[in-house]
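Hi everyone, thanks for coming along. Let me put the model up on the screen, and then we can walk through it together.

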Amino acid sequence: DQLAFDVVGVVLLENHDLGTAYAAERVLERGGYDVAVCGGPDHLARGRCSLLATGACDLIEGADVVFHSLNLDRVEHRRVLTAIRSHYPDVPVVVEAPTPSAERHRQLLHGCVTIAAPARGADVLDGVRRALSGEPGTTP
């Protein structure tokens, strides 16, 4: 359970289920990443997401990659993903989504590294590694 000493990069982990986010955070930390966690607009005070309100987000600005695990079937969560890609086009995005949801939103996911939910720890690390290496996005 020892954490890596050399930081590989900074991951912004967006997950509306904070219990799942904690597990993913531990996996990423063991993989050598610094992790910032955002619960998405549902967990912010009165749902105020600075990214959606102003187009700016300090957490994204400090990240090397975003791991987006919000529910793509919710309009607000799709708006978050669209805003990330629009306002921060140089920050790679990994999207964890159930296959049916990913298929429904295939066009939105173009250019993202997509992994099937629920993802195993190895899949989370592999998706982040692929995104940071500049590997072209894959969709189901």
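Look at G32, just after α1: this glycine takes a positive phi of about 100 degrees. Before I go on, a word on where this comes from: this is a predicted model, with local features needing pLDDT of at least 70 and side-chain atom pairs counted only at pLDDT 80 or more, while totals for chains, interfaces and linings use all residues. Residues are numbered from 1 along each chain as its sequence is written, and side-chain values use heavy atoms, with hydrogens and water left out.

When I say helix or strand, I mean DSSP runs numbered from the N terminus: H or I of at least four residues for helices, E of at least two for strands.

So what do β1, α1 and β2 make? They form a right-handed β-α-β unit. Right-handed here means that, with the strands pointing away from the viewer, the path from the first strand over the helix to the second runs clockwise. The helix, α1, covers residues 18–30. Its 13 residues should span 18 Å at 1.5 Å a residue, and its end C-alpha atoms are 18 Å apart, which agrees. The expected span is 1.5 Å times one less than the number of residues.

Which residues of α1 are buried? They are A21, A24, E25, R26, V27 and L28. Buried means under 20% relative accessible area, exposed means over 50%, and partly exposed is in between, using a 1.4 Å probe and protein chains only. Those buried residues pack against β1, β2 and α7, the last being residues 121–132.

Now the strands on either side of that helix. β1 (residues 9–15) and β2 (residues 33–38) pair in the parallel sense over six bridges, where pairing requires that DSSP finds at least two bridges between the strands. As one example, V10 has D34 as its bridge partner in β2.

Next door to V10 is V11, also in β1. V11 is buried, because its relative accessible area is 0%. Leaving aside neighbours within four places in sequence, V11 is in contact (heavy atoms within 4.5 Å) with L28, Y33, D34, V35, A36, V65, F67 and V128. V11 and E25 are 14 residues apart in sequence and 9.0 Å apart in space, C-alpha to C-alpha.

Over in β2 we find V37. Is V37 buried or partly exposed? V37 is partly exposed, because its relative accessible area is 34%. Setting aside neighbours within four places in sequence, V37 contacts L12, L13, A21, E25 and L59.

Let's move to β3. β1 and β3 pair in the parallel sense over five bridges, and L13 stands opposite F67 in β3. Five of the five residues of β3 are buried. In a regular strand the side chains alternate between the two faces of the sheet. In β3, both faces are covered: V65, F67 and S69 on one side, V66 and H68 on the other.

On its way to β4 (residues 93–97), the story repeats: β3, helix α4 (residues 75–87) and β4 make a right-handed β-α-β unit. Three bridges join β3 to β4, and the two run parallel; V66 has V93 as its bridge partner in β4.

S69 deserves a moment. This serine lies in β3 and is buried, because its relative accessible area is 11%. The side chains of S69 and E96 are joined by a polar contact of 2.7 Å. By polar contact I mean a pair of N or O atoms within 3.5 Å; within protein, one must be able to donate a hydrogen and the other to accept it, and residues adjacent in sequence count only if both atoms are side-chain atoms.

Just before β3, D64 sits in the loop between α3 (58–61) and β3 (65–69). D64 is partly exposed, because its relative accessible area is 38%. A polar atom of its side chain lies 2.7 Å from the backbone nitrogen of V10.

Last, the cysteines. How many disulfides are there, with a disulfide being a pair of cysteine sulfur atoms within 2.5 Å? The count comes to zero. C57 is in no disulfide, and the nearest cysteine sulfur, that of C38, is 6.4 Å away. C57 is buried, because its relative accessible area is 13%, and C112 counts as buried because its relative accessibility is 0%.

Notes:
A disulfide is a pair of cysteine sulfur atoms within 2.5 Å.
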